[in-house]
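Welcome! Let us read a protein model together, one feature at a time.

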Amino acid sequence: TDSPYYDDRLAQYWLASIGKGVISGVGPLKLPAKPLADVATKELLAVATGKGSAAVRALAIRALGRSHMMTTAQLTAWASDPDVGIRRAAVLVSAELPDRTLIKAAAADRAGEVRHAAALAIGYTQDASLVPLLGTLVTDKDPTVDSAAALSLLSFAIDQAAPTMKASLTTPWKPLFVNALAQKDPAPYLADLAEVIAKKLSPDRYWGGTIPAGVSWTILFGYAMARPPAELTAGKHDRWLDALEKMDWFSSSEPRKLYALYLVRGLTPRAKRFRDAMHKKKTGYNIDLYFDMADKDPSTYLP
């Protein structure tokens with residue numbers, strides 16, 4: 001169980017550790033230096049090559065993933081096995097090989113389960129040459145495949161993933177890709193960030209982590225805060241400030257930060273309007289208490 005290949009339900013945690021991208025709100029699982037499978041590699045290999053049930057053999061293959069005990073020839077044979085579970089196991093474990101032939105072939109397999117394995121395996125390899133293949137898989141009709149492809153794509157460094165993400169902004173994964181693309185330079189994605197906030201966009205098959213609209217809000221707020229005060233008072237960025245005010249608040253800190261920004265930048269009339277508007281929302285807490293804190297020293301509540 002200390003292997004990325006053993007349990008697909010933990011894929012996001014492994015990819016958060018293995019990859020160089022950002023999978024928001026997901027804590028990484030660390031790979032131990034010595035795989036647990038090394039304790040019983042011969043026994044596991046005997047199970048994997050034996051005549052037991054396909055499910056148990058597939059599990060043994062997965063368990064052996066990091067042990068480097070299996071040959072390319074063995075994995076190639078398993079990758080063409082009639083059983084889907086064994087094919088999946090072979091494709092996942094082949095991420096350890098320098099040869100990407102099995103992963104590329106699996107991306108076009110007739111079984112969605114095997115294409116799903118290919119999508120995850122690409123993330124496990126962190127091989128940038130395979131990123132364009134994720135662009136195909138992220139539009140796969142199988143809902144588990146496109147989810148795995150999006151997850152793997154987010155695990156790659158943004159300079160490697162950006163072209164494929166930009167080409168995939170019409171998919172349901174747009175809010176996650178927009179947030180990733182806008183991390184370093186929000187300017188080209190301001191309208192997209194505003195849309196994610198206003199519409200609370202989130203993929204139906206999101207694996208969890210930080211709410212996409214919350215990430216968009218943080219990025220857009222950082223952009224607004226970095227604008228010259230004169231631009232803000234001149235109304236040049238009102239569209240983005242309007243978007244920030246449309247957030248469905250989950251705590252008091254975000255509205256207080258926005259209110260504090262208005263005060264520090266001399267947008268006093270806007271601060272008053274925002275405060276009045278917040279009175280009409282059901283926050284579940286006394287928002288005035290937090291606005292009063294900001295009134296005393298607004299700069300305290302800005303990053």
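Q: Could we begin with one pair of charged residues: which residue forms a salt bridge with Lys-34?

A: Side chains of opposite charge can pair when their charged atoms come close. A salt bridge here is a side-chain nitrogen of Lys or Arg within 4 Å of a carboxyl oxygen of Asp or Glu. Lys-34 pairs in this way with Asp-38, and their closest N and O atoms are 3.8 Å apart. Before we go on, note that this is a predicted model, in which local features need pLDDT of at least 70 and side-chain atom pairs count only at pLDDT 80 or more, while totals for chains, interfaces and linings use all residues. Residues are numbered from 1 along each chain as its sequence is written, and side-chain values use heavy atoms, with hydrogens and water left out.

Q: Is Lys-34 buried or exposed?

A: Buried means under 20% relative accessible area, exposed means over 50%, and partly exposed lies in between (1.4 Å probe, protein chains only). Lys-34 is exposed at 59%, and its partner Asp-38 is partly exposed at 30%.

Q: How many salt bridges does the structure hold?

A: There are 19 salt bridges. Among them, Asp-7 and Arg-9 meet at 3.0 Å, N to O; Asp-7 is partly exposed at 21% and Arg-9 is exposed at 66%. Salt bridges can also join into a network, as they do for Lys-174, Asp-192, Glu-195 and Lys-199.

Q: Which parts of the chain does the pair Asp-242 and Arg-270 link?

A: To read this, you need the naming of elements: helices (H or I, at least four residues) and strands (E, at least two) are DSSP runs, numbered from the N terminus. The closest N and O atoms of Asp-242 and Arg-270 are 2.4 Å apart. This pair links distant parts of the chain, with Asp-242 in helix H15 (residues 238-245) and Arg-270 in helix H17 (residues 268-279), 28 residues apart. Asp-242 is partly exposed at 35%, whereas Arg-270 is buried at 10%.

Q: How do I read a single helix, and what covers the buried residues of H16?

A: Start with its span, for which the expected value is 1.5 Å times one less than its number of residues. Helix H16 (residues 253-264) has twelve residues and reaches 16 Å from its first C-alpha to its last, close to the 16 Å expected. Its buried residues are Pro-255, Arg-256, Leu-258, Tyr-259, Ala-260, Leu-261 and Tyr-262. Their cover, judged by contact (heavy atoms within 4.5 Å), includes helix H13 (212-225), H15, H17 and helix H18 (287-296). After H16 comes Gly-266, with a positive phi near 80°.

Q: Where is Gln-126 found?

A: Look in the loop between helix H7 (112-125) and helix H8 (131-137). Gln-126 has a positive phi near 55°, although it is a residue other than glycine, and it is buried at 14%. Lys-200 is not a glycine either, and has a positive phi of about 55°. Lys-200 lies in the loop between helix H12 (190-199) and H13, and is partly exposed at 44%.
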